[in-house]
Amino acid sequence: MALFPKQYLDALVSIEVDDKELSKKSIASAFLYGAKIPLKDPQGRQRYLTFLITNRHVFEDDKGNYREKVYLRFNVQGGAKHYLMNLLDKQGKPIWLKHKSNKVDLAAIQLRGAVFGLEQIKYFIFTDDRYVYYASQFEDIGIAPGDGVFMLGFPMGIRGKNKNCVIVRRGIISRVDDEILDDYYYFIDASAYPGNSGGPVILKPEALAISGTKSVSNSRLIGVVSKGLTYEDVAVSKQTGKPRITFEEQTGLVAVVPVDAISELVKPVVEKTIEGLKKGEKIKTDTEKRIKGVPTATSTTTTTKTTTASSLKK
């Protein structure tokens, strides 16, 4: 019995960098998110703006230094394909979107979703009108501490040799309330490691509920992994009484950015697009001039076989 749709795994993207020993290594997770716009394709299907979502700290360190480039690793049939993404423009400014609040550990890059099929990429998009729950809805829906979740990503760079193989881990919502949501996060109890950053958190559906509570039967995106909380344990010398070694340990608590923050992050692009549509303009991404197909200047592949991308049925 599946507790979330298998195609959710196709939303995951491995963010990678050059590595001397492995050619490329995975450093973080990302996923595809779709923002609804008032437009339909010739077949009458709903259109969306497509964004790659990950953590801000993946592209920018705590000193404000920007990463210049990464590789986005997508799945195709029988293997995976790397796409080079230049993260800075000619002036050295980031092409990716930041939230207006520095508290929000999110980054987004608008992609040309319409060409995933042309690039023969296997994909899935968490669209904001069908596959997400906002934290602002939790109380009304019945989502509360103790509810189960799944955390998807590529911890410790484990992503498969020939294709992206997502690691799925279980956890529970441990704390969610207005006090911490005001700072754009809540806590889950799960085991997160380097590489989980930027991965989606999925609600585990429940068919049963105790008296006076609600059951939630749908499995949807509810947040983005930000970081695991750690603590330090110090070994002290018996002879000198001075600290000798400091150990950093996982607490099991993971900070998660709610989907509400993603919506706020991409809102200016969505509003600008809608305004352009009213004027009869065509949809363009901010990275249109520096990419070909999916956001890329050049591409390499680890497979010789490709297939038509799976399409989202609206």
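Hi everyone, let me open with a definition: the helices I mention are DSSP runs of at least four residues, the strands are runs of at least two, and both are numbered from the N terminus. With that in hand, here is a first spot to find on the screen: Gly280 follows helix H4 and has a positive phi, near 85°. Please keep in mind that we are looking at a predicted model.

Let's stay with H4 for a while. The helix covers residues 259-278. Does its length make sense? With 20 residues at 1.5 Å each, H4 should span 28 Å, and its end C-alpha atoms are 27 Å apart, which agrees. Where does H4 kink? The kink is at Lys267, shortly before the proline Pro268, and the angle is about 45°.

Now for what H4 hides. Its buried residues include Val259, Asp260, Ala261 and Ile262 at one stretch, and Leu265, Val266, Val269 and Val270 further along. Thr273 and Gly276 are on that list of buried residues too. Which strands cover them? The cover includes E2 (23-40), E3 (46-54), E6 (97-98) and E7 (107-111), along with E13 and E14.

I'd like to pick one residue from that list, Thr273, which sits in H4. Is Thr273 buried or exposed? The cut-off for buried is under 20% relative accessible area, and Thr273 has 13%, so it counts as buried. Leaving aside residues up to four places away in sequence, Thr273 touches Leu49 and Ile283.

Next, the barrel. Six strands close up in the order E9-E10-E11-E14-E13-E12, and their pairing is antiparallel. From one strand to the next, the twist averages 45°. H4 packs on this sheet, where it touches E13 and E14 (243-258), and its direction makes about 70° with that of E14.

Let me zoom in on one barrel strand, E12, which is residues 200-203. Which residues are buried on each side of E12? Pro200 and Ile202 are buried on one side, and Val201 and Leu203 are buried on the other, which leaves both faces covered. E12 runs antiparallel to E9, and 3 bridges join the two. If you click on Ile202, you'll find Phe150 standing opposite. E12 also pairs with E13 (residues 221-236), again in the antiparallel sense and over 3 bridges. In E13, Pro200 has Val224 as its bridge partner, while the partner of Ile202 is Leu221.

Just past E9 there is another residue I'd like you to see. Phe154 lies in the loop between E9 and E10. Its relative accessibility is 0%, so Phe154 counts as buried. Phe154 and Ala30 are 124 residues apart in sequence, and their C-alpha atoms are 9.3 Å apart in space.

Last topic: charges. Side chains of opposite charge can pair when their charged atoms come close. How many salt bridges does the structure hold? There are 10. One of them joins Arg73 and Glu16, with the closest N and O atoms 3.9 Å apart. Arg73 is in strand E4 (residues 69-76) and Glu16 is in strand E1 (residues 12-19), so this pair ties together parts that are 57 residues apart in sequence.

Glu16 has a second partner. It forms a salt bridge with Arg159, and here the closest N and O atoms are 2.8 Å apart. This pair links distant parts of the chain: Glu16 is in E1, while Arg159 is in the loop between E9 (148-153) and E10 (167-175), 143 residues away. Taken together, Glu16, Arg73 and Arg159 are linked in a network of salt bridges.

How exposed or buried is that trio? Arg73 and Glu16 are both buried. For Glu16, the relative accessible area is 0%, and Arg159 is buried as well, at 13%.

One more pair before I stop. Arg56 and Glu60 meet through their side chains in a salt bridge, at 2.9 Å from N to O. Arg56 and Glu60 are both buried.

That's my tour, and I'm happy to rotate the model to any of these spots. Thanks, everyone!

Definitions and conventions
Residues numbered from 1 in each chain as written. Predicted model: local features only at pLDDT ≥ 70, side-chain atom pairs only at ≥ 80, totals over all residues. Heavy atoms only, no water. Buried < 20%, exposed > 50% of the residue type's maximum accessible area, 1.4 Å probe, protein only. Contact = heavy atoms within 4.5 Å. Salt bridge = Lys/Arg side-chain N within 4 Å of Asp/Glu carboxyl O. Pairing = 2+ DSSP bridges. Axes fitted to C-alpha atoms, helices over the stretch in contact; angles between N-to-C directions. Expected span 1.5 Å × (residues − 1). Bend = angle between axes of the 7 residues up to and from the residue.
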